[in-house]
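Colleague: I am new to this structure and would be grateful for a close look at a single part of it. Please begin from the interior and work outwards.

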Amino acid sequence: MNGHEITFENVSRFYGDVLGVNRVNLAIPPGITSLVGPNGSGKTTLMNLMTGLLRPTQGRIDILGVQPHDPERLFRFVGYCTQYDSFPRGMTGYQFVYSYLRLHGKPHAEADEMTWRAINRVKLADAAARKIAGYSKGMRQRIKLAQAICHDPTVLVLDEPLNGLDPLVRAETIALFRSLAETGKHVIISSHILHEVDAISDQVILLSSGYVVAEGQIHGVRTEVEDHPMQILIRCSRPGALASRIFELDTVVEARVHNDGKGLLVRTREPDRFYLMLNRLVVDGVDLESVAPADDDVNSVYEYLIGPDGGSI
Amino acid sequence: MNSNWSLWRGQVLAILRLEIKKNFLAKRGLWIYLLAAAPAVLMWTHALMNLRDHRVCDLGHDNLIFATIFQFFYLRLAVFFGCVGVFLNLFRGEMLEKSLHYYLLTPVRRVVLLVGKYLAGVITTSIIFCTGTALTLAAILVHVPRNAAEQYLFAGGGLGHVLTYIATAALACIGYGGVFLVMGFLFRNPVVPVVLVLLWEAANPFLPTLLKRLSVIFYLHSLIPISVPAQGDFAFLAILGTPTPAYLAVLSLLLIALAGLWLGARQVRKLEINYGTE
């Protein structure tokens, strides 16, 4: 355990007889970490445990050296954008963020300045004086995000933060997450939108039915999925000719011409060795356009480990 | 340590700003204003009708009517249910509205949050019920001749009575606030416990002396300037006890509030956000 990581040591949480998460052991480094899993897999439970909204039935959680049940210290450097879509009654967007900073003990002028900075960052300045009750889903999501980042936290926990955002704002929000992660912060995101998780995550934690089924960098997690050999898509001319040469390799499990006839889909248990040998195999008259993994992404890992219907493995 | 106190004071003030505004403006709390205003409306109607008809009022008689209303309606029902409405909802209401996490995600100690919310409840209910008391008393004084009113206020101990009634209303909010703050934590559906407390408070005149002391109303009765004895078919069952000295009654009410805060602090430390089960 150290002061630079978020660690879970054998953490379990039960709701009566119902399992929330079970025997979770994690060490989350700085960068963007995505929690991926179907509904009920334990993503929100894990986030609520991390922020002290829930207490573990057993085990120990450490957030950069602070226990989650010490809010006075924890929320000096942790911001949490929850999935709860309810707000204190009658508040405007400005008041929502400003009051939060006053509860931090910030004096008026500083709280005001920090509030506007956060609101401008999520591009909600025009609506700041309006009641949150009149906001659209996307605006509510953005004001929650403004509240989570307003005190410049080192650890940012975001539960489904891209829900309800239009494509432009979504792209801007992802860019914001990236910029925060680049400054060495911990950005922990839960999301169902797998291609976005894939694009932004430095590491993923896959959850299913309360258990962590895989964690680490996406490529590393993918390599460990031994039941499903890695798929590589080779875009080339004359894929049939290339296929006949590729079958000579013992690492190749399957090679078939792509449906569009302009490439070859290869399945191999040793992708690194295959890449090394590929150049030798390319026959005369075959022009290679691109070689890229076809299932080295969160989507595939999710499907292989958790199942296409989001069920358990 | 000094900086801690300064931080906690600032946080309590921030909580007060949010909570007092919310308590006063809550639409669901409209009935509390009606309860608090009911005696004032009654007495002002009576006063204005007397003024219109140029009738001379008997100050002593009106004082007795006020004492009866204050003792049997205001303290036992209006303040009691007003405190139920405010203090039970300090945490439970926000749990039901799914907005309590707003506070729990701030660097505020749970105990500081509890104290802030409790004080906001005390300030809100005290303002409402002390104003109600003052307005009712004003209605009595407005329709007696001016010199009689001045005589009563400044020579007959009337001012002391007025201030005592107002202070008693505030102490009722402090005492009942402590009780209902805890009940908001302990019971998911507090209706039955509230009814039990109401019955216990109503039965106070008939309880043995020792049990009498386990209530809020006993100490409030010891404070009010004009005590109206129990009346009706069961009045003969009332057990007369020696009133507690005022300083002891005030101390006891503050202790009840402190006990409520202490028990509440134990509960709030364990509080979790699990809206699905509410």
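Which residues have the most contacts inside the largest nonpolar core?

Modeller: The model is a predicted one. Its largest nonpolar core has 134 residues, and those with the most contacts inside it are A:Val97, A:Ala146, A:Leu206, B:Val79 and B:Cys173. The largest share of this core, 14 residues, is supplied by α8(B). Apart from this core lies another, of 9 residues, which includes A:Met230, A:Ile232, A:Leu242 and A:Leu264.

Several of the residues just named lead to further details. A:Leu206, one of those with the most contacts inside the core, may be taken before the others. Once its neighbours within four places in sequence are left aside, A:Leu206 is in contact with A:Val36, A:Gly37, A:Val213, A:Ala214, A:Glu215, A:Val301, A:Tyr302, A:Leu305 and A:Ile306.

A:Val97 appears again among the contacts of A:Thr115, a residue of helix α4 (residues 108-121) of chain A. With neighbours within four places in sequence set aside, A:Thr115 touches A:Tyr94, A:Val97, A:Tyr98, A:Leu101 and A:Cys150. A:Thr115 counts as buried because 25 other C-beta atoms lie within 10 Å, where 20 or more are required. Between the C-alpha atoms of A:Thr115 and A:Gln147 there are 8.1 Å, although the two residues are 32 apart along the chain.

In chain B, B:Cys173 belongs to the part of α8(B) that meets α6(B). Helix α6 (residues 110-142) of chain B packs against helix α8 (residues 158-186) of chain B at an angle of about 150°, and their axes are 8 Å apart. The crossing of α6(B) past α8(B) is right-handed. From α6(B), the residues involved include B:Tyr118, B:Val122, B:Phe129 and B:Leu137; from α8(B), they include B:Val162, B:Ile166, B:Cys173 and B:Leu181. Sorted by class, this contact has 14 nonpolar, 5 polar and no charged residues.

The two chains also touch one another. In this contact, 23 residues of chain A meet 21 residues of chain B. On the side of chain A, α2 (71-77) and α3 (93-103) each supply at least two residues. That side has 10 nonpolar, 8 polar and 5 charged residues.

The strands of chain A complete this account. In strand β5 (residues 78-81) of chain A, A:Val78 and A:Tyr80 point one way, A:Gly79 and A:Cys81 point the other way, and all are buried. β5(A) pairs with strand β6 (residues 155-159) of chain A in the parallel sense, over 4 bridges, and A:Gly79 has A:Leu156 as its bridge partner in β6(A).

Elsewhere in chain A, an open sheet of 3 strands follows the order β2-β1-β4, with antiparallel pairing. β2 (18-28) and β4 (58-63) are its edge strands, each pairing on one side only. From one strand to the next, the twist averages 20°. Strand β1 (residues 6-15) of chain A is joined to β4(A) by 5 bridges, and A:Ile6 stands opposite A:Ile63 in β4(A).

Finally, strand β11 (residues 252-257) and strand β12 (residues 263-268) of chain A pair in the antiparallel sense over 5 bridges. A:Val252 has A:Thr268 as its bridge partner in β12(A). These two strands form a hairpin with 5 residues between them, and A:Gly261 in the turn has a positive phi of about 75°.

Methods: Residues numbered from 1 in each chain as written. Chains lettered and ligands numbered in written order. Predicted model: local features only at pLDDT ≥ 70, side-chain atom pairs only at ≥ 80, totals over all residues. Axes fitted to C-alpha atoms, helices over the stretch in contact; angles between N-to-C directions. Left-handed = near helix turned anticlockwise from the far one by under 90°. Contact = placed C-beta atoms within 7 Å. Nonpolar A, V, L, I, M, F, W, Y, C, P; charged D, E, K, R; others polar. Core = buried A, V, L, I, M, F, W, Y, C linked by C-beta atoms within 7 Å. Buried ≥ 20, exposed ≤ 12 C-beta atoms within 10 Å, placed from the backbone. Pairing = 2+ DSSP bridges.
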